[in-house]
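Visitor: I've got a model here and a few things I'd like to poke at. Could you walk me through it?

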Amino acid sequence: MSFITSANFLWRPAAILRHAVLIVTGALILAPFVWMVSLSIRPPGEIFRASFTFWPAQFYGVENYTKALTQAPLPRSMGNGLIVCSLILALQILVCAPCAYALAKLRFPGRDLLFGMVLIGLLLPHQVLSLPLFILGYQLGILNTYAALVFPYVVSPFGIFLFRQFFKTIPDDVIHAARLDGLSELTIVWKIMMPMALPAILAFSIFSVVGHWNDLFWPLIAVQDRSLMPPPLGIMAFMNEEAGNDYGPLMAASTLVVLPLLVAFLAAQRWFVEGLTRGGIK
Amino acid sequence: MASVLLDSINKNYGQTSVLRGVSLSIADGEFLTLLGPSGCGKSTLLRILAGLEMQDAGTVSIGERVVDGLRPKRRDVAMVFQSYALYPHLTIASNMALPLRMRQLSALQRLPLLGGLLPGTERIVAEIETEVTRTATLLGIGHLLSRKPGQLSGGQRQRVAVGRAMVRHPAVFLMDEPLSNLDATLRVQMRAEIKELHQRLGVTFVYVTHDQAEAMTLSDRVAVMLDGELLQVAPPQDIYADPDDRRVAEFIGSPKINMLEGVVRERGLIDVAGSTLPIEADALAGAHLTLGIRPEAFHLADHGGQGALTGSVRMIEHMGSDLFVHLDLAGIDHPLIARLLAERTPDIAPGQTLHVGVRPDRVLLFARDGQRLLFARDGQRLRREVESAGASITPIRELAR
Ligand SMILES: Nc1ncnc2c1ncn2[C@@H]1O[C@H](COP(=O)(O)OP(=O)(O)OP(=O)(O)O)[C@@H](O)[C@H]1O
Ligand SMILES: [Mg+2]
């Protein structure tokens, strides 16, 4: 398509409408974030002003961010988030990849039934399971440890589903070739399927990390110890105890918590979209 | 080196029967081609041979050893796939080295960093590298070793796939339509190279194709497959000139063999398409037969009558030294195709009436059920009485035994 026709194409009424809808939804989603960032650089007095400008009259960012970083154990909770999210992700991939491979490429009785159960698992909201999981954690005696934060998420139906869909697009011939070359089934998973499914793994990683970095519900149940709290719980504790109505530092803390995710997503954006939309590898 | 024996292999996918009683014996060092139309089960048979798929019944032996239940890597076979099936994330060198690494290095030695420190690893890795480089140079892809498959042309990928199979020195080479993704020129070139490879390696080749030209030029023997059954296994020239079955005759040869319905008038004469041909049919008068006549079995005749067919020219295809003349015969809905020598054929125009003579010894006779009738083997003519139409006819294969 030439540049001129594509420019015309943009100005067609349908295209204008489409873009308008996209811009409005984008703005709706973005607005709270913009506000959060804006609040995080305001002095207390300006926060409840009726008039809204993005840039405050008095720049108070340094004070707010210093307060967020020093008065609350924010670095500690972000460190916790890092540990918990990486543990969850590593274990998820370790478990999901072989499962997905079996569901996508091996033939055995009951396979479709098992896949059906994965789909059911996909439908269940995690909150439904929190009580049984809490009791299980109690029985295992792992409540209030890192293990408590990790164990409910190790088997991810979503991961199994996503990997399976991607593995299905990898031609059987490649697996046959690998078998003839002498690779065992597990070696095929790690040495052939995983590298070929890299976009799907990246997409899944982002989902997983974002989900568990931001998770509040389960950590609230599973840990009491402040030194174990992941970021959102840390912020909540901060809000209750130190900040009170001091929203500036609170918003600064929130911004800091979201920042790593934002950076990671922007860095991996290309693969993320590819992993969710692309068919297979030619 | 190994012979291959398939004994009454059956394979079903759910309700559909894909292979039915396939038995085949392949000699050590032979080049055997499985030829058949798309979907007839060629790849399935090859996968069963390789151990990638289990047969429902029957046995597979490779080199006198029954290999049923043996995993693919234990069967000492290598396969070249139609899609090449290269590993897209590995370089060409790693693609080709992988089968050797898996065989010659232990699991510990294959570990990324630690493996290199173990005794012996370095030497084996160097050996593998030498072997890969040697094979790649032989195939003319030595300069591509550091590239990824995505950066190669189709022909180059094909060579890598062959190279990956070759480095292992397997006893049996399996090739599943390795040339079908190449353009015509490259296909002819690679065909010659595969032939050369077979002669140099001297190992057993089982080659799958649906391209007759490939089958005819490459093979020691061709196995014609249709709907999951082996119809005939014979050297290429026999498959063409002496087919056992009507379906084989129709599948082989381009343009297709002409099939004409005929009725035996009396011994030595068959009525066909409004004419009478002097063909020894050894069938009772009144028997219905099908005559298979290859286009090149015709020659131009001066006049109609006994021994010649007469029709009006529908179309003429000039092929250089030959002409393909399409003739409409009375009472036959599809045109007859005759291949005539261009220099001996006067100018003919569509619509013109033309007489073509038939060499009686080139006519193939088929019974109603498609079995070949009355053919000479070892100079001895098999005699058989064919009653009238619908009479039961002993299959030729049983007679030939
Ligand atoms: N996994 C499978 N499940 C069900 N049916 C299958 C499966 N694999 C092959 N078939 C069927 O078996 C038949 C033979 O397949 P096969 O791949 O052996 O054909 P082919 O002769 O190699 O054809 P082509 O020349 O197109 O490659 C086909 O009808 C196909 O639909
Ligand atoms: Mg095939």
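Guide: Sure, and let's start at the ligand. An oxygen atom of ligand 1 sits 2.5 Å from an N or O atom in the side chain of Ser43(B). Keep in mind that this is a predicted model.

Visitor: How far is an oxygen atom of ligand 1 from an N or O atom in the side chain of Thr44(B)?

Guide: Thr44(B) is listed among the residues around ligand 1, as is Ser43(B). The cut-off for a polar contact is 3.5 Å between N or O atoms. For the side chain of Thr44(B), the distance to a ligand 1 oxygen comes out at 2.5 Å.

Visitor: And how much of ligand 1 does the protein bury?

Guide: Besides those side chains, a polar backbone atom of Cys40(B) is 3.2 Å from an oxygen atom of ligand 1. On its own, ligand 1 exposes 640 Å², and the protein's share of cover over that area is 60%.

Visitor: Which element gives the most residues to the shell around ligand 1?

Guide: The shell includes Lys42(B), Ser43(B), Thr44(B) and Arg47(B). By class, it splits into three nonpolar, five polar and three charged residues. The top contributor, with four residues, is H1(B).

Visitor: Now the other chain. How much area do chain B and chain A bury between them?

Guide: The contact draws 23 residues from chain B and 18 residues from chain A. Of the area buried there, 62% is on carbon and sulfur atoms. The total is about 1,800 Å².

Visitor: Which side chains meet in a salt bridge at 4.0 Å, N to O?

Guide: The rule finds three salt bridges across the interface of chain B and chain A. There are also eight residue pairs in polar contact between the chains, with both partners at pLDDT 80 or more. The salt bridge you're after joins Arg164(B) and Asp181(A).

Visitor: Which element supplies the largest share of the side of chain B that touches chain A?

Guide: Elements giving two or more residues to that side are helix H1 (42–50), strand E6 (77–80) and helix H2 (92–104) of chain B. By class, that side has 14 nonpolar, two polar and seven charged residues. The largest share, four residues, belongs to H2(B).

Visitor: Any backbone oddities to look at? Which residues does a cis peptide bond join?

Guide: Look in the loop between helix H9 (246–251) and strand E11 (258–266) of chain B, where Pro255(B) lies. Omega is about -5 degrees for the bond. The pair it joins is Ser254(B) and Pro255(B).

Visitor: What is the phi of Ser8(B)?

Guide: Ser8(B) lies in strand E1 (residues 4–13) of chain B. Although this residue is not a glycine, its phi is positive, at about 35 degrees.

Definitions and conventions
Residues numbered from 1 in each chain as written. Chains lettered and ligands numbered in written order. Predicted model: local features only at pLDDT ≥ 70, side-chain atom pairs only at ≥ 80, totals over all residues. Heavy atoms only, no water. Contact = heavy atoms within 4.5 Å. Buried area = accessible area lost by both parts, 1.4 Å probe. Polar contact = N/O pair within 3.5 Å; in protein donor to acceptor, adjacent residues only side chain to side chain. Nonpolar A, V, L, I, M, F, W, Y, C, P; charged D, E, K, R; others polar. Near = heavy atom within 4 Å. Areas by Shrake-Rupley, 256 points an atom, 1.4 Å probe, with all protein chains shown as cover.
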